[in-house]
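Let's take a walk through this structure together, from the inside out. Keep the 3D view open and turn it as we go.

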Amino acid sequence: MQSIPVRYAQTLKEKPADETKLGFGKIFTDHMLIMDYDPEHGWHDMRIVPYAPFSMDPASMVLHYGQAIFEGLKCYRDASGALRLFRPMDNFRRMNRSAARMCIPQLDEEACLEGLRTLLAVEQGWAPHAEGTALYVRPTIIATDVGLGVHVSHTYRFFIILSPSGAYYQDGLAPVGIYVEDELVRAVRGGIGFTKAAANYAASLYAGDVAERKGYAQVLWLDGVHQRYIEEVGSMNIMFAFGDTIVTPMLNGSILPGITRDSILTLANDFGYTVEERRMSIEEVFEGARSGKMTEAFGTGTAAVVSPVGSLCWKGEVVRIGDGGIGPITQRMYDALTAIQRGEAADPHGWSVLV
């Protein structure tokens with residue numbers, strides 16, 4: 001592959017002095033990767049440039065019709081100081097699946113990984129060292145045609161930005177309270193729920209705001225047809241433990257096929273747990289919590305890795321999950337996955353990729 005040109009920033013930002021106060025997605029590095037698309041040249045002109053605002057026409061189609069997709073992955077610094085990506089090709093493959101649904105031209109996945117490696121080589125000093133931190137990677141594609149007619153854009157911009165980040169939730173692995181939303185829906189089969197399209201996240205904001213005002217950390221989404229079957233929790237996949245059995249909603253076209261989800265299910269099988277991917281009703285969840293048969297619940301996703309659920313509220317009833325603390329399965333999954341991500345444990349599936 002051709003070398004990727006780099007235009008270095010003339011003035012560099014001051015890097016955070018206290019890595020315990022990074023937050024999530026609030027600080028950005030000095031450079032970003034950009035690549036453009038047009039019908040004549042295809043995807044072309046991949047380059048690394050100083051991080052800066054884009055200049056966009058007010059009639060740019062992404063601003064009006066929401067033709068935008070993104071991905072999220074992390075780069076970790078291991079004990080030797082080397083940088084490691086976690087399953088990056090899976091992210092670019094999923095980005096292409098999102099692109100196909102959103103009528104966006106397919107990317108060369110290997111070229112994107114090479115571009116990301118080059119960007120990380122330029123910005124390696126931004127990767128934090130403290131436990132629980134990482135350099136968050138956000139690849140994005142937006143439609144750039146100018147015009148107000150509703151049609152598929154003919155031009156696009158792909159870019160990757162980097163953000164040194166700490167824990168997604170301020171309280172780390174502390175169990176959170178979840179509000180069950182039984183009126184609003186996030187997505188339906190046949191729509192774009194299985195993609196990482198910006199529109200999915202826009203559709204979730206109102207319910208999330210309502211839940212927050214009620215004192216809950218996130219929303220548990222039910223299906224859009226029966227408003228009865230579990231789908232996702234916030235922007236994460238959700239799992240429930242019934243003793244040594246882990247149950248999670250099956251992928252049905254409206255649920256995002258999370259890479260962390262797949263990793264957790266793979267590890268669960270490795271550890272000898274029984275794994276069930278199936279339809280699961282909110283009644284089953286609440287009955288399991290009331291009876292004590294459901295011992296743990298946790299969300300899974302790139303940003304938080306694992307987020308334990310301490311309680312659920314549905315139709316005014318609040319149930320506690322297990323003893324309200326972090327369950328042994330949740331803790332084991334978090335410890336095992338983060339150890340692989342940081343190169344501290346055996347990686348039989350080849351997920352951790354040295355930069």
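A salt bridge, as the term is used here, is a side-chain nitrogen of Lys or Arg within 4 Å of a carboxyl oxygen of Asp or Glu. Keep in mind that this is a predicted model. With that in hand, pull up Arg 278 and Glu 284: their side chains meet in a salt bridge, with N and O 2.7 Å apart. How exposed is each partner? Arg 278 is partly exposed, at 26% relative accessible area, and Glu 284 counts as partly exposed at 26% too. Elsewhere, salt bridges that share partners tie Asp 36, Asp 45, Arg 47 and Arg 157 into one network.

How many salt bridges does a search of the whole structure find? The count is 18. As general background, side chains of opposite charge can pair when their charged atoms come close. Two more examples are good ones to look at. In helix α4, Asp 209 and Arg 213 sit 4 residues apart, about one turn of the helix, and their side chains form a salt bridge with an N to O distance of 3.1 Å. Asp 209 is partly exposed, with 36% relative accessible area, while Arg 213 is exposed, at 59%.

The other example is a long-range one. Lys 315 pairs with Asp 182, and their closest N and O atoms are 2.9 Å apart. Which parts of the chain does this pair link? Lys 315 comes from the loop between β15 and β16, Asp 182 from the loop between β8 and α4, and the two are 133 residues apart. Even with that partner, Lys 315 counts as exposed, at 64% relative accessibility.

Stay on Lys 315 for a moment and check its backbone. Its phi is near 50 degrees, a positive value in a residue other than glycine. For context, most residues other than glycine have a negative phi. Cys 103 is another case, with a positive phi near 60 degrees. You'll find Cys 103 in the loop between α2 (88-101) and α3 (109-122), and at 45% relative accessibility it counts as partly exposed.

Now for the inside. In soluble globular proteins, nonpolar side chains tend to be buried together. Here, the largest nonpolar core has 45 residues, and Trp 43, Leu 116, Ile 141, Phe 158 and Ile 160 have the most contacts inside it. Which strand gives the most to this core? That would be β7 (residues 156-165), with 6 residues. Apart from this core lies another, of 24 residues, including Leu 220, Phe 240, Met 280 and Leu 312.

To get a feel for the packing, click on Leu 116. Skipping its neighbours within four places in sequence, Leu 116 is in contact with Leu 33, Leu 73, Leu 85, Phe 92, Val 137, Ile 160 and Leu 162.

Strand β7 also carries a polar residue, Ser 163. Is Ser 163 buried or exposed? Ser 163 has a relative accessible area of just 2%, so it is buried, the cut-off being under 20%. What does its side chain reach? The side chain of Ser 163 gets to the backbone oxygen of Ile 27, at 2.6 Å. Beyond its sequence neighbours within four places, Ser 163 is in contact with Gly 25, Lys 26, Ile 27 and Phe 28, and also with Ala 134, Leu 135 and Tyr 136.

Go back along the chain to Glu 19, in the segment before β1 (31-38). Glu 19 is partly exposed, at 23% relative accessible area. Not counting residues up to four places away in sequence, Glu 19 touches Pro 128, His 129, Ala 130 and Thr 133. With Ala 130 there is a polar contact: the backbone nitrogen of Ala 130 lies 2.8 Å from a polar atom of the Glu 19 side chain.

Finish on the outside. Tyr 65, Leu 148 and Val 150 make a nonpolar surface patch of about 330 Å². Val 150, in the loop between β6 (134-143) and β7, has a relative accessible area of 69%, so it counts as exposed, the cut-off being over 50%.

Definitions and conventions
Residues are numbered from 1 along each chain as its sequence is written. This is a predicted model: local features need pLDDT of at least 70, side-chain atom pairs count only at pLDDT 80 or more; totals for chains, interfaces and linings use all residues. Side-chain values use heavy atoms; hydrogens and water are left out. A nonpolar core is a set of buried Ala, Val, Leu, Ile, Met, Phe, Trp, Tyr and Cys residues joined through side-chain atoms within 4.5 Å. Buried means under 20% relative accessible area, exposed over 50%, partly exposed in between (1.4 Å probe, protein chains only). Contact means heavy atoms within 4.5 Å. A polar contact is a pair of N or O atoms within 3.5 Å; within protein, one must be able to donate a hydrogen and the other to accept it, and residues adjacent in sequence count only if both atoms are side-chain atoms. Patches are made of residues with over 30% relative accessible area and no salt bridge: like charges are joined within 9 Å, nonpolar side chains (Val, Leu, Ile, Met, Phe, Trp, Tyr) within 5 Å. Accessible areas come from the Shrake-Rupley method with a 1.4 Å probe; for residues, only the protein chains shown count as cover.
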